[in-house]
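User: I would like to go through this model and ask how each label was reached. Please set the values against the cut-offs where a label depends on one.

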Amino acid sequence: MKYAFFALIPFFFLSVGCMPDSPEALALKAEQAYTEGNYSRAITAYEALLRKTGETPMTCYNLALAAFQTQDYSYAIKMLEKSIASGAKTELADACYELLGLIAEREKDLGRAATYYRKVLNSPDVALKVRVHSRLAKVYTKQEHYDAALALLLTAQELNPGDP
């Protein structure tokens, strides 16, 4: 009878979905912390996940998002660059470049922001493409490149005609 209890422990973890330190459990913990706005806890969980699974493009990107939320831009940049370097597919790489552009804007480096945003202008993701056209137009406006900004906004309107 005493051994029956210990034999049930693995079934308990299976019933809740995963073992406590499994990659799935760590990912769930990180996503839950991020959703709750506890970005420091999310960073800790994503770092544990990286140690467990290695540097996957998605985990590096998610870690960068959490670092961005804590305004640790240098760490976010490092993780975004790792995500891209480790083979992020087109849509994820585009999301990385968009976030790099946002960071550059927050750091008041408009030239770098424009460079990152231009990398995403031909994204297959229309919503992302529209967002980046608008963000780049904002950067160009701050740089007093009004004609280029207007052209980008008109293109964004053509891409998403239902958006006023």
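User: What share of the contacts in the protein with a separation of 6 or more comes from residues 24 or more positions apart?

Analyst: The share is 44%. The model is a predicted one.

User: How many helices and strands does the protein have?

Analyst: There are nine helices and zero strands. Read from the N terminus, the order of elements is α-α-α-α-α-α-α-α-α.

User: How much of the protein counts as buried, and how much area does the protein expose?

Analyst: Of its 164 residues, 40% count as buried. The exposed area is about 9600 Å², and carbon and sulfur atoms supply 58% of that area.

User: Which residues have the most contacts inside the largest nonpolar core?

Analyst: That core has 49 residues, and those with the most contacts inside it are Tyr61, Leu63, Met79, Leu80, Leu99, Ile103 and Leu136. Among the elements that give two or more residues to this core are helix 2, helix 3, helix 7 (110-118) and helix 9 (146-159). Helix 6 gives the most, with nine residues.

User: What is Leu63 in contact with, leaving aside its neighbours within four places in sequence?

Analyst: Leu63 is in contact with Ile43, Tyr46, Glu47, Leu50, Tyr75 and Met79.

User: How do you know that the span of helix 3 is close to the expected one?

Analyst: Helix 3 (residues 39-53) has 15 residues, and the expected span at 1.5 Å a residue is 21 Å. From its first C-alpha to its last, helix 3 reaches 20 Å, which is close to that value. After helix 3 comes Gly54, with a positive phi near 90 degrees.

User: Which residues of helix 3 are buried, and what covers them?

Analyst: The buried residues are Ala42, Ile43, Ala45, Tyr46, Ala48, Leu49 and Leu50. Their cover includes helix 2 (23-35), helix 4 (57-69) and helix 5 (73-85).

User: Why is the pair of Tyr34 and Tyr39 called edge-to-face?

Analyst: The structure holds three aromatic pairs. In the pair of Tyr34 and Tyr39, the centres are 5.1 Å apart and the planes are at 70 degrees. Centres within 6.5 Å make a pair, and planes over 60 degrees apart count as edge-to-face, so the label follows. Tyr34 has a relative accessible area of 24% and Tyr39 one of 22%. Buried means under 20% and exposed means over 50%, so both values fall in between and the two residues are partly exposed.

User: What makes the pair of Phe68 and Tyr73 tilted?

Analyst: The ring centres of Phe68 and Tyr73 are 5.8 Å apart, with the planes at 45 degrees. Stacked needs planes under 30 degrees apart and edge-to-face needs over 60, so a pair at 45 degrees is tilted. Phe68 and Tyr73 are buried.

User: Why is the contact between Glu98 and Arg135 called a salt bridge?

Analyst: The closest N and O atoms of Glu98 and Arg135 are 2.2 Å apart. The cut-off is a side-chain nitrogen within 4 Å of a carboxyl oxygen, so this pair qualifies. The structure holds seven salt bridges.

User: What makes Glu98 buried and Arg135 partly exposed?

Analyst: Glu98 has 8% relative accessibility, which is under 20%, so Glu98 counts as buried. Arg135 has a relative accessible area of 24%, between 20% and 50%, so Arg135 is partly exposed.

User: How do you know that Glu36 and Arg41 meet in a salt bridge, and that Arg112 and Glu107 do?

Analyst: For Glu36 and Arg41 the N to O distance is 3.2 Å, and for Arg112 and Glu107 it is 2.8 Å. Both are within 4 Å, so both pairs are salt bridges. Arg41 is partly exposed at 35%. Arg112 is partly exposed at 26%, and Glu107 is partly exposed at 36%.

User: Which residues are joined into one network by salt bridges that share partners?

Analyst: The network joins Glu98, Arg131 and Arg135.

User: Where is Ser123, and why does Ser123 count as buried?

Analyst: Ser123 lies in the loop between helix 7 and helix 8. Its relative accessibility is 2%, under the 20% limit, so Ser123 counts as buried. Not counting residues up to four places away in sequence, Ser123 touches Asp94, Leu128 and Lys129.

Key:
Residues are numbered from 1 along each chain as its sequence is written. This is a predicted model: local features need pLDDT of at least 70, side-chain atom pairs count only at pLDDT 80 or more; totals for chains, interfaces and linings use all residues. Side-chain values use heavy atoms; hydrogens and water are left out. Rings of Phe, Tyr and Trp (its six-membered ring) pair if their centres lie within 6.5 Å; planes under 30 degrees apart count as stacked, over 60 as edge-to-face and the rest as tilted. Buried means under 20% relative accessible area, exposed over 50%, partly exposed in between (1.4 Å probe, protein chains only). Helices (H or I, at least four residues) and strands (E, at least two) are DSSP runs, numbered from the N terminus. The expected span of a helix is 1.5 Å times one less than its number of residues. Contact means heavy atoms within 4.5 Å. Accessible areas come from the Shrake-Rupley method with a 1.4 Å probe; for residues, only the protein chains shown count as cover. A nonpolar core is a set of buried Ala, Val, Leu, Ile, Met, Phe, Trp, Tyr and Cys residues joined through side-chain atoms within 4.5 Å.
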